[in-house]
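Thanks for coming. I'll take a few minutes to walk through one model, and then we can go back to the bench.

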Amino acid sequence: LAHLTRGQDVVGIVNKDLPWTASSIRDRIDKLEKAARDAKRLFEAHDDEGYRVAVATLYSRLRATWERALEDIVFANVIMRHRDYINTKDLKRVTALEEGDAQTFQSGFKKCCDFVDAHDPSRGHDPEPPEPNDVMQDIQILKDWSEALRGKMNGVS
């Protein structure tokens with residue numbers, strides 16, 4: 001798959017991957033894992049500012065992926081933003097969601113909110129970015145959660 005973009009002076013630039021907004025949850029997770037590996041190299045090179053920026057960007061995208069997972073997986077695409085119909089045939093799949101699934105979502109989403117640049121931290125609360133292993137673990141939590149929830153939802157008949 002590919003997509004076209006335009007630059008300041010050029011149109012028709014071919015990109016080999018789909019844009020972030022069109023990427024599936026699985027594809028986004030793959031991209032996040034690659035970004036985490038890239039960030040780890042910055043951490044190991046003691047590029048603290050580069051690492052901080054990379055992690056903030058990564059957690060912003062991880063947060064967006066949690067949001068997309070809510071729409072695509074939890075709500076089984078029954079309701080989608082900016083779509084002019086409701087897909088009622090998959091509504092019963094939503095019943096697979098359990099309290100633990102909701103807690104995992106809330107926890108993963110909240111952690112992302114702590115590290116994104118979209119919020120100006122108070123002077124007394126400027127957390128250090130998580131270490132590389134923690135970043136990969138946070139991505140893995142989303143990966144495991146989404147796959148497990150898909151499995152439960154596919155079991156709903």
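**A walk through the model**

I'll start in a loop, with His82, which is exposed at a relative accessible area of 84%. Keep in mind throughout that this is a predicted model. The loop that holds His82 runs between helix 2 and helix 3. The backbone at His82 has a positive phi of about 65°, although His82 is not a glycine. As background, most residues other than glycine have a negative phi.

The loop between helix 2 and helix 3 also contains Asn77. For Asn77, phi is near 60°, again a positive value in a residue other than glycine. Is Asn77 buried, exposed or partly exposed? Asn77 counts as partly exposed, because its relative accessibility is 25% and that class lies between 20% and 50%.

Two more residues of this loop, then. Ile86 sits in the loop between helix 2 and helix 3. Ile86 is a nonpolar residue, and its relative accessible area is 55%, so it counts as exposed. Setting aside residues up to four places away in sequence, Ile86 touches Val78 and Ile79.

Asn87 is in the loop between helix 2 and helix 3 as well. Asn87 is buried, with a relative accessible area of 14%. Which residues does Asn87 touch, not counting those up to four places away in sequence? They are Ala76, Asn77 and Val78. Asn87 and Asn77 are 10 residues apart along the chain, and their C-alpha atoms are separated by 7.0 Å.

Now a step back to the whole chain. The protein has four helices and two strands. Reading from the N terminus, the order is β-β-α-α-α-α. There are 157 residues, and 30% of them count as buried. The exposed surface comes to about 10300 Å², of which carbon and sulfur atoms supply 52%. If you take contacts between residues at least 6 apart in sequence, 63% of them join residues at least 24 apart.

Next, helix 2, where I have two residues to show. Thr65 is in helix 2. Thr65 has a relative accessible area of 0%, so it is buried. What is Thr65 in contact with, leaving aside its neighbours within four places in sequence? The list is Trp20, Ile25, Arg28, Leu32 and Leu142. Thr65 can also be placed relative to Phe109: the two are 44 residues apart in sequence, and 9.3 Å apart from C-alpha to C-alpha.

Arg68 is the other residue I picked from helix 2. Is Arg68 buried or exposed? Arg68 is a charged residue, and it counts as buried because its relative accessibility is 17%, where the limit for buried is under 20%. Leaving aside neighbours within four places in sequence, Arg68 is in contact with Thr21, Ser23, Ile25, Arg28, Ile73 and Arg81. Ile25 and Arg28 also appear among the contacts of Thr65.

On to helix 4, which covers residues 132–154. Helix 4 has 23 residues and spans 33 Å from its first C-alpha to its last, close to the 33 Å expected at 1.5 Å a residue. Its buried residues are Pro132, Val135, Asp138, Ile139, Leu142, Trp145, Ser146, Leu149, Arg150 and Met153. What covers those buried residues? The cover includes helix 1, helix 2 and helix 3, with helix 3 being residues 99–115. Leu142, from that buried set, is one of the residues in contact with Thr65.

Last item, the second largest pocket. Its volume is about 180 Å³. The lining consists of Trp20, Lys31, Leu32, Ala35, Ala54, Thr57, Leu58 and Arg61. By type, the lining residues divide into five nonpolar, one polar and two charged. Helix 1, residues 25–44, and helix 2, residues 48–74, each supply at least two residues of the lining. Which element gives the largest share of the lining? Helix 2 does, with four residues. Trp20 and Leu32 are in this lining, and both are among the contacts of Thr65.

To recap the loop between helix 2 and helix 3: His82 is exposed, Ile86 is exposed, Asn77 is partly exposed, and Asn87 is buried. In helix 2, Thr65 is buried, and Arg68 is buried too.

That's what I have. Happy to take questions.

Notes. Residues are numbered from 1 along each chain as its sequence is written. This is a predicted model: local features need pLDDT of at least 70, side-chain atom pairs count only at pLDDT 80 or more; totals for chains, interfaces and linings use all residues. Side-chain values use heavy atoms; hydrogens and water are left out. On a 1 Å grid over the protein atoms alone, a cavity is a set of points where a 1.4 Å probe fits but cannot get out, and a pocket is an open set with protein on both sides within 12 Å along at least five of seven lines; lining residues have an atom within 4 Å of a point. Grid points are joined across faces, edges and corners, and a volume is the space filled by probe spheres set on the points. The expected span of a helix is 1.5 Å times one less than its number of residues. Buried means under 20% relative accessible area, exposed over 50%, partly exposed in between (1.4 Å probe, protein chains only). Contact means heavy atoms within 4.5 Å. Accessible areas come from the Shrake-Rupley method with a 1.4 Å probe; for residues, only the protein chains shown count as cover.
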